[in-house]
Amino acid sequence: MRLTQQANYSVRILMYCAAKKGEFAKVSEIARVYDISEYHLFKILPILVSNGFITTHRGRNGGLKLAKDPADITLGQIIRAAEENFHLADCFDEGSYDCPLLSMCDFNHALNDALESFLKALDKYTLADLTQKEGDMRNLLDIAEPKSVATAAAN
């Protein structure tokens, strides 16, 4: 099974937002860090917003922010939302495939079982699990300490 760029970018956007710890993330920051075009990111944002993963705020001080706690977002949920379909073979799309074996073939059933197992495995991992090495992740993503932490450290 191979995930689309859209699923990959969706996970990356959410990981970045989780690493920001409640601060707004800018699309330009995410694009720079991951070397992804802003255009691609703007195409994915409506999916993440409509599925309740992020909220967006316009304006100079706006940006993206997680809408839920990272522990409440599973990797399976993200992948289900980001993938347009899970047609592992032509026969998954019954409307466009005319195989004479379709009515009695168990290949489709076997692939469906495999897909369900794959998604069930992804449901075991949360966004919090993916971002638990917080300090390392913030450094790798070139994210400064939150202002409240930086201010407290200076005092």
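The exercises below treat the fold, helix H1 and the nonpolar core of a predicted model.

Residues are numbered from 1 along each chain as its sequence is written, and side-chain values use heavy atoms, with hydrogens and water left out. In this predicted model local features need pLDDT of at least 70 and side-chain atom pairs count only at pLDDT 80 or more, while totals for chains, interfaces and linings use all residues.

**Exercise 1.** State how many helices and strands the protein has, and their order.

Solution. Elements are DSSP runs numbered from the N terminus: helices are H or I, at least four residues, and strands are E, at least two. There are eight helices and two strands. From the N terminus the order is α-α-α-β-β-α-α-α-α-α.

**Exercise 2.** Check the span of helix H1 (residues 5-19) against its number of residues.

Solution. The expected span is 1.5 Å times one less than the number of residues. For the 15 residues of H1 this gives 21 Å. The end C-alpha atoms are 21 Å apart, so the two values agree. After H1 comes Lys-21, with a positive phi near 55 degrees.

**Exercise 3.** Determine how H1 is covered and what H1 gives to the largest nonpolar core.

Solution. Buried means under 20% relative accessible area (1.4 Å probe, protein chains only). Twelve of the 15 residues of H1 are buried, including Tyr-9, Ile-13 and Leu-14. A nonpolar core is a set of buried Ala, Val, Leu, Ile, Met, Phe, Trp, Tyr and Cys residues joined through side-chain atoms within 4.5 Å. The largest one has 37 residues, and Ile-13, Leu-14 and Ile-54 are among those with the most contacts inside it. H1 gives the most to this core, ten residues.

Key: Buried < 20%, exposed > 50% of the residue type's maximum accessible area, 1.4 Å probe, protein only.
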